[in-house]
Amino acid sequence: MNGLGRDQGRWRRSSYSGINNHCVEAVLTVEGRVGLRDSENVSGPCLGLTPSAWAELLHGVLKPRSREASRDGEFPA
């Protein structure tokens with residue numbers, strides 16, 4: 001992605017990625033955007049999202065999972 005440098009900050013990955021490291025890494029850039037990259041190809045392409053697009057992505061990913069978990073009794077309804 002244009003404008004997303006390699007040394008923007010500290011890239012972080014989910015603690016759920018485990019030892020396999022099959023994960024996406026994220027960074028908050030100095031411009032306030034959220035950068036995403038493949039943890040197995042850190043020199044490859046990066047995706048840059050606005051904070052609102054990042055929030056929408058997380059909402060879309062987590063909401064279905066939360067509904068499923070609450071049906072299984074994992075979270076209070």
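Here is a walk through this small set of strands and a helix, from the overall layout to the pocket.

Keep in mind that we're looking at a predicted model. The secondary structure adds up to one helix and four strands, and if you trace the chain from its start you meet them in the pattern β-β-β-β-α. So much for the parts list; the next thing to look at is how the strands sit together.

The four strands make an open sheet, running β1-β2-β3-β4 in order, with antiparallel pairing. At the edges you'll find β1 (12–13) and β4 (47–49), each of which pairs on one side only.

Now zoom in on the pair formed by β2 (24–28) and β3 (residues 34–38). These strands run antiparallel to each other and share five bridges. Together β2 and β3 form a hairpin, with five residues between them. Have a look at G32 in that turn: its phi is positive, at about 90°. On the strands themselves, L28 stands opposite V34 in β3. You can also check the spacing between V27 and R37: they are 10 residues apart along the chain, and their C-alpha atoms are separated by 8.9 Å.

On its other pairing, β3 meets β4, again in the antiparallel sense, this time over three bridges. If you want a landmark there, take G35, whose bridge partner in β4 is G48.

What about burial? In the protein as a whole, buried residues account for 25% of the 77 residues. Strand β3 is mostly covered, with four of its five residues buried. Over in β2, V27 counts as buried because its relative accessibility is 4%, and the cut-off for that label is under 20%. The cysteines C23 and C46 can be judged by that cut-off too: C23 is buried at a relative accessible area of 17%, and C46 is buried at 9%. As for disulfides, a search of the whole structure turns up zero.

Stepping back to the surface, the accessible area of the protein comes to about 5800 Å². Carbon and sulfur atoms hold 54% of that surface. For a feel of how the chain folds back on itself, consider contacts between residues at least 6 apart in sequence: 24% of them join residues at least 24 apart.

Finally, turn to the largest pocket, which has a volume of about 280 Å³. Which elements give two or more residues to its lining? They are β1, β2 and α1 (51–71). The helix α1 provides the largest share, four residues. Among the lining residues you'll see W54, L57, L58 and V61, alongside R12 and R13 and a run that takes in V24, E25 and A26. The lining also includes S14 and L36. C23 turns up here as well: this residue is buried and also lines the largest pocket.

Key:
Residues numbered from 1 in each chain as written. Predicted model: local features only at pLDDT ≥ 70, side-chain atom pairs only at ≥ 80, totals over all residues. Heavy atoms only, no water. Disulfide = S-S within 2.5 Å. Buried < 20%, exposed > 50% of the residue type's maximum accessible area, 1.4 Å probe, protein only. Pairing = 2+ DSSP bridges. Contact = heavy atoms within 4.5 Å. Areas by Shrake-Rupley, 256 points an atom, 1.4 Å probe, with all protein chains shown as cover. 1 Å grid on protein atoms, 1.4 Å probe; cavity = no way out; pocket = protein on both sides within 12 Å on 5 of 7 lines; lining within 4 Å. Points joined across faces, edges and corners; volume = space filled by probe spheres on them.
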